[in-house]
Amino acid sequence: MQQLRVDRQSPSGFRGRDVSSAWKHIDIVLLVATGLILLFGLVMVYSATRRFPGGTGILLRQALFVVIGIVAMAGVSLVDYRRIADWWQIIYGLSMLVLAGVLSPLGSLGAFGTKGWYAFGPVVFQPVEIAKLGTVLAVAAYLGSAERVDLRRLATALLLFGVPMGLTMLQPDLGSALVFIVVGMGMLVVGGVRVRHLAVLVILGVVAVFGILQSSALDQYQKDRLTAFANPDGVSAKARYNIDQAQTAISSGGLTGYGLGKGPSTRLGYVPAQQTDFIFTVAGEEFGFVGSGLLLILFAIVIWRIWRAAQLAADSMGTLLCIGVMSMFLFHIFENVGMNLGIMPVTGIPLPLVSQGGSAVVASCIALGLVQSVHMHRYS
Amino acid sequence: MDTDSTHVRLSAIGIVAISLFLALFMRLWFLQGIDRQAFEAASVSNRVRVIHEEGPRGRILDRNGKILVDSETSIVVSLDREPLRKMKESERNTVFVSLADTLQQLGVPTKLSLIEKRFADLRYAPQEYVPIADDVDPSVEIYLMERAERYPGIIVERKAIRSYPYGNLAAHLLGYVGEINEKELVERGGKLPGSESPATTAPSASAPTTTAGTGSAKGSTASDSGARVTDYRLGDSIGKGGVERSYEADLRAVPGERTIEVNAKGDLVDVLSLESPVVGDDIWLTIDIDLQAHAERLLAAKIQDLRGRRDKQNNRLNAPQGSVVIEDPQNGQILAMASYPDYDPSVTVNGISQEQWAAFNDPNSGLPLVNWALQGAYAPGSTFKLYTAFAGYNSGYLNGGTEVVNDPGVYTIENCKGDKCEVRNAGSTPHGTVNMARALTVSSDVYFYKLADKFWNLTDQYGPTPIQDAAAEFGLGSKTEIPLAGENPGRLPTPASRKAAFEARPDLFMTGDWRSGDNINTSIGQGDVLATPLQLVNSYATFANGGTRYQPQIVTKVTRPRDLTLPANDPANYELIRQVEPVVQGTVQIQPDQYGKIYDGLLGVTQSAYGTAAASWQASKTAWPMAGKTGTAQVSKKADTSLFAAWGPAGTGVPAQYAISVVIPESGFGGEVAAPLAFRIMAPLSFGALLPACPTSDQDACAAAAEQAASASGNDVTSGAPD
C-alpha cells in the first residue's frame with residue numbers, strides 16, 4: 001500500500017524534467033479531436049474503397065499508417081520542440097534534398113505526368129508532406145530566435161519558403177505550392193514582420209498567384225480545373241465532371257445522409273478520386289449535414305486548439321511553430337472541403353488526417369505532435 | 001517580438017479561421033439543406049437508366065379466329081456501327097473475322113463479305129443497328145453475350161416480329177409493320193432523342209441503348225390505352241398500312257420499362273424495377289380467310305389467263321390489276337377483299353430494303369402494295385344504271401307514264417345540232433320496247449340516255465343533278481369510311497364541279513359547260529364518273545338490304561388474350577375489349593313498287609334468258625338466284641373495264657347474305673369476265689362447300705386434301721380455269 005502511494009506521488013518530484021510531467025500538460029481536447037477525425041477518416045476510406053477489388057488492402061494500409069502516425073505523434077510530442085528545432089538546418093536541408101530528388105530519375109511519374117512521389121516497391125512516399133513540416137520548423141526556429149524581424153531576416157525567411165515552393169512548382173504541384181504561400185503569410189504575420197513589409201508581401205503574393213495561374217508552368221488540365229470554379233460554363237466537360245459529381249454526391253446526402261455504404265455516388269463510383277481528394281463527398285453523401293458538419297466541427301476544434309497552443313506557447317518559436325501548422329491545416333481544410341463543395345478550384349490537396357495516403361497522414365500527425373510538444377513543454 | 005502586437009495578429013488569424021469555417025458551413029448548408037432536391041435529381045439521372053422495351057403486337061385473326069398475323073420473337077445479331085467505326089481497321093477486321101467464324105461454328109452460315117457489306121451499307125442510318133443474322137438460335141445469343149468484350153459493336157437483340165401463317169393472303173388488308181419515322185413520332189407526341197442513338201426495340205445486356213430516367217421512373221399503367229398511342233420512341237415499330245395501321249392503338253403492346261442502376265462505368269449494378277411489356281390486343285377481322293383465299297385464287301387465275309389475249313377490237317387484254325370485294329349487306333362487314341397483284345408481307349419483317357421498295361413502286365410490277373379494291377377508281381359503266389334508275393323514280397319523272405321506251409339501238413339527243421347527236425347501245429343492238437326492268441336486264445343504254453337527256457332538258461323541274469344526287473345517296477363520290485387508309489373517294493361529276501375544274505385549269509379542258517352529252521355519259525357510268533370496287537359493292541349491298549347504307553367494316557371485335565399458347569378462338573381464352581357494331585351512314589328511301597321494278601331488272605340480269613349475265617350464271621350456278629348488274633366501261637385506247645356488282649340470295653322475303661363486286665380493267669365485257677368470275681367465287685360459298693385456306697407451312701398437304709374433298713363433292717371449286 002505504502003509503496004503504491006509513493007509511486008503515485010513520485011511524478012511531482014520530477015516536475016519539468018521528467019517525461020511524465022509533460023504528459024500532464026497534454027491537450028486532451030486536441031488529442032481526442034485528432035483521434036476522432038482519424039477514425040472518421042478510416043470509416044470514409046472504407047466506404048470509398050469497398051467497391052474496389054483491393055479495397056480491404058487499401059483500408060488496412062491506411063489503418064497501418066494511422067497507427068504509425070499516432071506513434072510518431074506521441075514520439076514527437078514527448079520531445080521538447082526546442083530540441084528538435086536545434087536541428088532545423090539539417091532537417092530543412094534534408095527535406096529540401098528529398099523534395100528536389102523527386103524531380104530526378106528517382107522520382108516516379110504520377111497522374112497527369114507530374115512527379116511528386118518516390119516509389120520503393122509497394123511503399124509510396126510523397127516528400128512534399130515532409131518538406132512542409134521541415135519548412136515550418138525551419139522558419140519557426142529561424143524567426144523565433146530573433147528579437148525582431150529585420151529585412152535581412154525577412155528575406156531569409158522568404159527564401160526558406162521560396163525554395164520548396166519553387167521545387168513543388170517544378171513537379172508541378174500547384175496545390176502544395178499554394179500551401180507554402182499561405183503558411184508563409186501566416187507565419188510572417190505572426191512572426192512580427194512590419195505592417196508595411198507585410199503589405200508589400202501581400203501584393204507580391206497576389207501577383208505570384210496570378211503569375212502561377214497565367215504561367216506556362218500550368219498544364220491545360222490544371223487551368224481547366226482552376227477556372228472551372230470561377231467560370232463553370234467555360235470549361236471542358238471532363239473538368240466540370242469532378243465538380244458536378246462532388247456537389248451532387250454531397251447535396252443528395254441532405255440532412256442525415258444515406259447511411260454508411262449506401263450513398264449511390266459512393267457505392268457506384270461516380271466521384272473520381274473519392275478516397276483521396278474528394279473524400280469529403282463520402283461524409284456529405286452518407287452522413288449528410290449532420291455527419292459532414294460534425295467533421296467540420298472537429299476540424300474547427302483542432303484549429304482552435306492549435307491556435308490556443310500558439311497563444312500559450314512559452315516562446316515565439318513555439319507560437320510560430322503552431323501558427324505554421326495551423327495555417328497549413330487551415331489551408332488544407334478550406335481548399336479541400338471548398339473544392340468538394342464547389343467554392344474553391346480543384347487542386348490536389350488532401351484533407352488532413354482523412355484522405356487516403358500514408359505520407360499525408362503521418363506528416364499531419366507529426367505536425368500535431370509538434371503542436372502538442374509546444375503545448376506540453378510550455379512550462380519547461 | 002512585441003507581445004501585444006502578437007496577440008493582435010494571432011486574433012486576426014483566428015478571425016480569418018472562423019470566417020473560413022463559416023464559409024464552409026454556409027456552403028454545406030446551401031447544398032444539403034436548401035438546394036438538395038435539384039442535386040438529388042441529378043444524382044438519380046446519373047445512375048438510373050430506363051430502358052424502353054417493346055412488346056409483341058396483338059395478333060390479327062379472321063372472323064373465325066384463325067391467326068392471319070402472328071407475333072414471334074426473333075433473335076437478331078446486328079452491328080452497332082458507331083463503336084466499330086471508331087476502331088482501327090485491323091481491329092475491326094479481327095472482330096468481323098472472329099464473328100463470321102463463330103457464327104459459322106454455331107450453325108449460322110455467315111460470310112465475312114456479308115458482314116463487311118452490311119457494315120458499309122448506306123441504306124441504314126449511321127446510328128441504326130444493321131442486322132447480319134436473323135432468327136438465330138438462343139445458344140448464339142448466350143455465346144455472344146457471354147463474350148461481349150470480344151465482340152465490341154456486336155449487338156444481340158430480341159425482336160418481336162410479325163409472321164404470316166397464310167403467306168400472301170389478304171396482304172393488302174393486313175398491311176405491314178415498320179420502324180416509326182420521325183413524322184409519325186412527332187404526330188404521336190414522341191420524343192426525338194436529339195443526337196443520341198435511337199432506343200433499341202428490345203434491350204440486350206450487351207449494349208442497351210437507354211434514356212436517362214426521371215425521378216419517379218414508373219411507366220404507364222397497362223390498362224391505359226392512351227399510353228400505347230403516345231409512348232413511342234425512335235426505333236419502335238408501328239403499323240404502316242392496312243389493319244396494322246388502322247388498329248395500331250389496339251395491336252400495339254404496352255411498352256415495358258426496365259429501370260436499372262448503373263455505375264460510373266455504365267455497368268449494370270441492379271435492376272430497380274421491371275415492368276414487362278403487355279402484349280397487344282387481338283383484332284378479329286370480318287374477313288373469312290377461307291373465302292378470301294378462294295376469291296384471291298380465282299381472281300389471280302382469271303387475270304393470269306386474260307393477260308395476252310385480245311378483244312374483238314384487237315385491244316390487248318392487259319388486265320394489269322383486279323379486285324373482288326364481298327360484303328355482308330346486313331351489317332356492312334367485309335367478308336373478303338382481294339386485290340391483285342399481291343405481295344409477300346414477310347419481306348417487310350426486317351424492314352423493306354430500298355431495292356424491294358423500288359420494285360414495289362415500279363409501275364411495271366402492277367403496284368402490288370396498292371389495294372385496288374379501295375384505292376383503284378374506275379368508270380363503273382352500266383353498273384351505274386342502278387343509281388340512274390333510282391333517280392328516275394325518285395325524281396318522279398318515271399311516274400308519269402314515261403317508263404316504257406322504244407329502244408332502236410340508237411338515241412338522238414334532243415335539240416342537238418352537229419354530227420355527234422346520235423348515241424348508241426353497245427354494238428347498236430336494238431332492244432325494242434323496254435321498261436325499266438327490261439332496260440336493266442338487257443342493259444339498254446338508250447333507255448337511260450333518254451332519261452338523262454330529259455333530266456337535262458327539265459332542270460327547272462328536277463334540278464341540275466338528279467342522277468348524281470341519287471348516286472351520292474348510294475355512297476358514290478365520297479369515301480365509304482372503311483377503316484383503312486388510302487381510300488379513293490371516286491368521282492361524281494356535276495355541272496358545278498366541271499365549271500370549277502375548268503376555271504382552275506382552263507388549259508386542260510375544252511369547256512367548262514355541262515351539256516346533254518355529259519348527263520347522258522354520266523347516266524351509264526361513263527364520262528368523268530369514277531367509283532371504287534368498294535363503293536360499288538357497298539351501294540349494291542345498300543340496295544340489297546332495302547336501302548340501309550352501312551359503313552364497311554373490317555373488324556368484328558377486339559379481344560385481349562389470356563394465354564398466347566392456347567387456341568386464339570377459344571372464348572375462355574380471351575377477354576372481349578370491344579365489339580364493333582354496324583354503323584348506318586344513310587338510308588335510301590325507295591318506294592316498294594319502284595324498288596320491285598329495279599329489283600326485277602337486276603334479278604333478270606342473271607335469271608332472265610335475256611340477262612347480260614344469264615349465260616355465265618347458268619355455267620356456274622349458285623345455290624340461290626343472284627341479282628346484279630354487269631358493266632363494261634370504255635376507256636380510251638384500252639380494252640374495256642369489266643365490272644359486275646351483285647348480291648345473293650335474291651328473292652322476295654329472303655335476306656341478302658352476300659354482296660359482291662368484281663372489277664378488272666382492260667379485260668373485256670362485264671358479262672364475260674367479271675360476272676362469271678363472281679359466280680365461280682359465289683358458287684361454293686352458296687353451297688357451303690368452301691374449302692379451308694391453306695397455311696403456307698402445310699401448303700402441299702392442305703392442297704391435296706382440298707383436291708380430294710373437291711373431287712369427292714363433285715364440285716370443281718378449286719379450279720381457276722377461265723370460262
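In which kind of crossing, left-handed or right-handed, does H6(A) pass H7(A)? Before the answer, some ground rules: this is a predicted model, where local features need pLDDT of at least 70, side-chain atom pairs count only at pLDDT 80 or more, and totals for chains, interfaces and linings use all residues. Residues are numbered from 1 along each chain as its sequence is written, while chains are lettered from A and ligands numbered from 1 in the order in which they are written.

**Two helices in chain A**

H6(A) passes H7(A) in a left-handed crossing (the near helix is turned anticlockwise from the far one by less than a right angle). Helices here are DSSP runs of H or I with at least four residues, and strands are E runs of at least two, numbered from the N terminus. The axes of H6(A) (residues 88–101) and H7(A) (residues 127–144) come within 8 Å and cross at roughly 150°. That's why H6(A) is roughly antiparallel to H7(A) (an angle over 145 degrees, on a scale from 0 to 180 between N-to-C directions of lines fitted to C-alpha atoms, for helices over the stretch in contact). Among the residues making the contact are Trp88(A) and Leu99(A) from H6(A), plus Gly134(A) and Tyr142(A) from H7(A).

**Two domains in chain B**

An automatic or database assignment splits out domain 1 (47–285) and domain 2 (381–556 + 581–585) of chain B. Here, 11 residues of domain 1 of chain B are in contact with 6 residues of domain 2 of chain B (C-beta atoms, placed from the backbone, within 7 Å). H10(B) brings the largest share of the domain 1 side, 4 residues.

**Who sits at each contact**

Nonpolar means Ala, Val, Leu, Ile, Met, Phe, Trp, Tyr, Cys and Pro; charged means Asp, Glu, Lys and Arg; the others, Gly among them, are polar.

| Contact | Nonpolar | Polar | Charged |
|---|---|---|---|
| H6(A) with H7(A) | 14 residues | 3 residues | no residues |
| Side of domain 1 of chain B that touches domain 2 of chain B | 6 residues | 3 residues | 2 residues |

Terms used
Angles under 35 degrees count as roughly parallel, over 145 as roughly antiparallel, 65 to 115 as roughly perpendicular and the rest as oblique.
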